[in-house]
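Q: I would like to learn how to read the cross-links and the strand pairing of a protein model. Could you take me through one case step by step?

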Amino acid sequence: VQLQASGGGLVQAGGSLRLSCAASGLTFRRNAMSWFRQAPGKEREFVAATSWSGGVTDYADSVKGRFTISIDNAKNTVYLQMNSLKPEDTAVYYCAAGPTYGRISRLYKYWGQGTEVTVSS
């Protein structure tokens with residue numbers, strides 16, 4: 001199983017980015033997908049999660065209304081559309097997959113390598 005995250009970069013506050021996470025060797029239908037992030041000097045935190053169908057989603061309060069998680073089962077890819085970015089969104093973003101949907105990192109068995117997002121003020 002491999003999760004390949006991409007789409008990070010440097011953006012000004014108020015801007016947008018779309019992260020992608022392509023999965024190989026994984027049956028999407030049997031897994032929930034999520035995004036976590038880790039800022040320098042901080043612990044990894046939950047950002048967003050989706051059921052494999054995309055019918056159920058969950059967001060951290062800090063990103064609700066600004067970020068949107070979506071899934072394309074045909075492409076085995078999960079996306080994180082990030083709008084109205086703030087400097088406090090600066091972090092390395094990780095995608096994860098696991099059989100159980102939730103906000104706790106240990107629920108997820110597979111992890112991508114991370115993609116860095118930097119938001120300048």
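**Reading a disulfide and a sheet**

A: Let us begin with the covalent link: this model, which is predicted, holds one disulfide.

Q: Which residues form the disulfide, and how far apart are their sulfur atoms?

A: A disulfide is recognised when two cysteine sulfur atoms lie within 2.5 Å of each other, and here Cys21 and Cys95 form the link with their sulfur atoms 2.1 Å apart. The pair links distant parts of the chain, since Cys21 belongs to strand S3 (residues 17-24) and Cys95 to strand S9 (residues 91-98), 74 residues apart. The link of Cys21 and Cys95 is right-handed, with 60° about the S-S bond.

Q: Is Cys21 buried or exposed, and is Cys95 buried or exposed?

A: A residue counts as buried when its relative accessible area is under 20%. Cys21 has a value of 0% and is therefore buried, and Cys95, with a relative accessible area of 0%, is buried as well.

Q: How should I read the pairing of strands, and what is the order of the strands in the open sheet?

A: Strands of a sheet pair through backbone hydrogen bonds, in either a parallel or an antiparallel manner. In this structure an open sheet of four strands follows the order S1-S3-S8-S7, with antiparallel pairing. Strand S1 (2-6) and strand S7 (67-72) are the edge strands, each of which pairs on one side only, and neighbouring strands of this sheet are turned against each other by 15° on average, direction ignored.

Q: How many bridges join S3 to strand S8?

A: Six bridges join S3 to strand S8 (residues 77-82), and the two run antiparallel; Leu17 stands opposite Met82 in S8.

Methods
Residues numbered from 1 in each chain as written. Predicted model: local features only at pLDDT ≥ 70, side-chain atom pairs only at ≥ 80, totals over all residues. Heavy atoms only, no water. Buried < 20%, exposed > 50% of the residue type's maximum accessible area, 1.4 Å probe, protein only. Pairing = 2+ DSSP bridges. Axes fitted to C-alpha atoms, helices over the stretch in contact; angles between N-to-C directions.
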